[in-house]
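Q: Hello! I would like to learn how to read a protein model step by step. Could we take one feature at a time?

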Amino acid sequence: MLHDAFEAHLNCVESMGAVILNIPLRSCAPARSHFGVANVDQIAAMAEDDPAAAAHELFNSLIDLPAQPEDWPDLLAADLRRNAVGSLELWSARHGLTPYCLSRGFRSVFGVTPKRFGLESKAHTALRHLRIGAAPLSAIAADAGFSDQAHMTRTIAELTGNPPSHWRRLTLAEQI
């Protein structure tokens, strides 16, 4: 599993026998959502000595895997990341689920409610825009799907501990 900063809830896999290896990645996780890694043991060994080389090898060894249609939590997560869910009630009805089952099942897989996941996805979209461009904060908020700039600012500050202006200044300082 690859994820961006501030997505620690996606690390809730240890109870299933998984081991978490944190490799700091300079670039964002790939846009595709279902993939495997051919040489995971080699990458883990590399990460002990050279995390940057391990990250490079990781991205070069990804193998695309087909999404499983019965895996509705992943389908919902993908739709939430694309900001393509107008109503959780409608989404659940289209997939033959009750809203309660949807919320409870999603939370058991991702550790947060679908609503929270969608909000965090919008925040991550906004943070990516802050890192790559100089668009006004109000435009970034609209592009990310927030109702307004204040909503984006509250959400990013709650998620990261700092407002969008902090992340913009940090990005500008790194470019110097």
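A: Gladly, and let us start with burial: of the 176 residues of the chain, 32% count as buried. Please keep in mind that this is a predicted model.

Q: What does the outside look like, and how much of the exposed area do carbon and sulfur atoms supply?

A: The chain exposes about 10,800 Å², and carbon and sulfur atoms supply 56% of that area.

Q: How many helices and strands does the chain have, and how do the elements run from the N terminus on?

A: There are 9 helices and 2 strands. Read from the N terminus, the order is β-α-α-β-α-α-α-α-α-α-α.

Q: Which share of the contacts with a separation of 6 or more comes from residues 24 or more positions apart?

A: The share is 60%. For such contacts, heavy atoms must lie within 4.5 Å.

Q: How do I read a nonpolar core, and which residues touch the most other members of the largest one?

A: The general idea first: in soluble globular proteins, nonpolar side chains tend to be buried together. Here, the largest nonpolar core has 13 residues, and those touching the most other members are Ala 126, Leu 130, Ile 140, Phe 146, Met 152 and Ile 156. Two or more residues of this core come from each of H6, helix H7 (137–144) and helix H8 (149–160). There is also a second, separate core of 12 residues, including Leu 76, Ala 77, Leu 97 and Phe 106.

Q: Let me zoom in on one member. Which residues does Met 152 touch, not counting those up to four places away in sequence?

A: Met 152 touches Ala 126, Leu 137, Ile 140, Ala 141, Phe 146 and Pro 164.

Q: And Gln 149: where does this residue lie, and what does Gln 149 touch beyond four places in sequence?

A: Gln 149 lies in helix H8 and touches Leu 137, Ser 138 and Ala 141. Leu 137 is 12 residues from Gln 149 in sequence, with 6.4 Å between their C-alpha atoms. Gln 149 counts as partly exposed because its relative accessibility is 33%, which falls between the 20% and 50% limits.

Q: Is Asn 39 buried or exposed, and where is Asn 39 found?

A: Asn 39 sits in the loop between strand E1 (35–37) and helix H1 (40–49). Its relative accessible area is 17%, so Asn 39 counts as buried, the limit being under 20%. Leaving aside neighbours within four places in sequence, Asn 39 is in contact with Glu 57 and Ser 61. The C-alpha atoms of Asn 39 and Leu 58 are separated by 8.3 Å, with their positions 19 residues apart along the chain.

Q: Could we try two histidines? Where do His 56 and His 166 lie?

A: His 56 is in helix H2 (residues 51–60), and His 166 is in helix H9 (residues 164–175). With a relative accessible area of 53%, His 56 is exposed, whereas His 166, at 24%, is partly exposed. For distances, His 56 and Ile 43 have C-alpha atoms 9.4 Å apart, and His 166 and Leu 130 have C-alpha atoms 10.0 Å apart.

Q: How do I read backbone angles, and what is the phi of Asn 83 near?

A: Look for the sign of phi and for the kind of residue. Phi of Asn 83 is near 60°, a positive value in a residue other than glycine. Asn 83 belongs to the loop between helix H3 (72–81) and helix H4 (88–94), and Asn 83 is partly exposed, with a relative accessible area of 40%.

Q: Last topic: pockets. How much space lies in the second largest pocket, and which helix gives the most to its lining?

A: About 270 Å³ of space lies in the second largest pocket. Helix H6 (residues 114–132) gives the most to the lining, with 5 residues. Among the lining residues are Leu 80, Asn 83, Val 85, Pro 114, Lys 115 and Lys 122, so Asn 83 from our backbone example returns here. By kind, the lining divides into 6 nonpolar, 4 polar and 2 charged residues.

How values were computed: Residues are numbered from 1 along each chain as its sequence is written. This is a predicted model: local features need pLDDT of at least 70, side-chain atom pairs count only at pLDDT 80 or more; totals for chains, interfaces and linings use all residues. Side-chain values use heavy atoms; hydrogens and water are left out. On a 1 Å grid over the protein atoms alone, a cavity is a set of points where a 1.4 Å probe fits but cannot get out, and a pocket is an open set with protein on both sides within 12 Å along at least five of seven lines; lining residues have an atom within 4 Å of a point. Grid points are joined across faces, edges and corners, and a volume is the space filled by probe spheres set on the points. Helices (H or I, at least four residues) and strands (E, at least two) are DSSP runs, numbered from the N terminus. Ala, Val, Leu, Ile, Met, Phe, Trp, Tyr, Cys and Pro count as nonpolar, Asp, Glu, Lys and Arg as charged, and the others, Gly among them, as polar. Buried means under 20% relative accessible area, exposed over 50%, partly exposed in between (1.4 Å probe, protein chains only). Accessible areas come from the Shrake-Rupley method with a 1.4 Å probe; for residues, only the protein chains shown count as cover. A nonpolar core is a set of buried Ala, Val, Leu, Ile, Met, Phe, Trp, Tyr and Cys residues joined through side-chain atoms within 4.5 Å.
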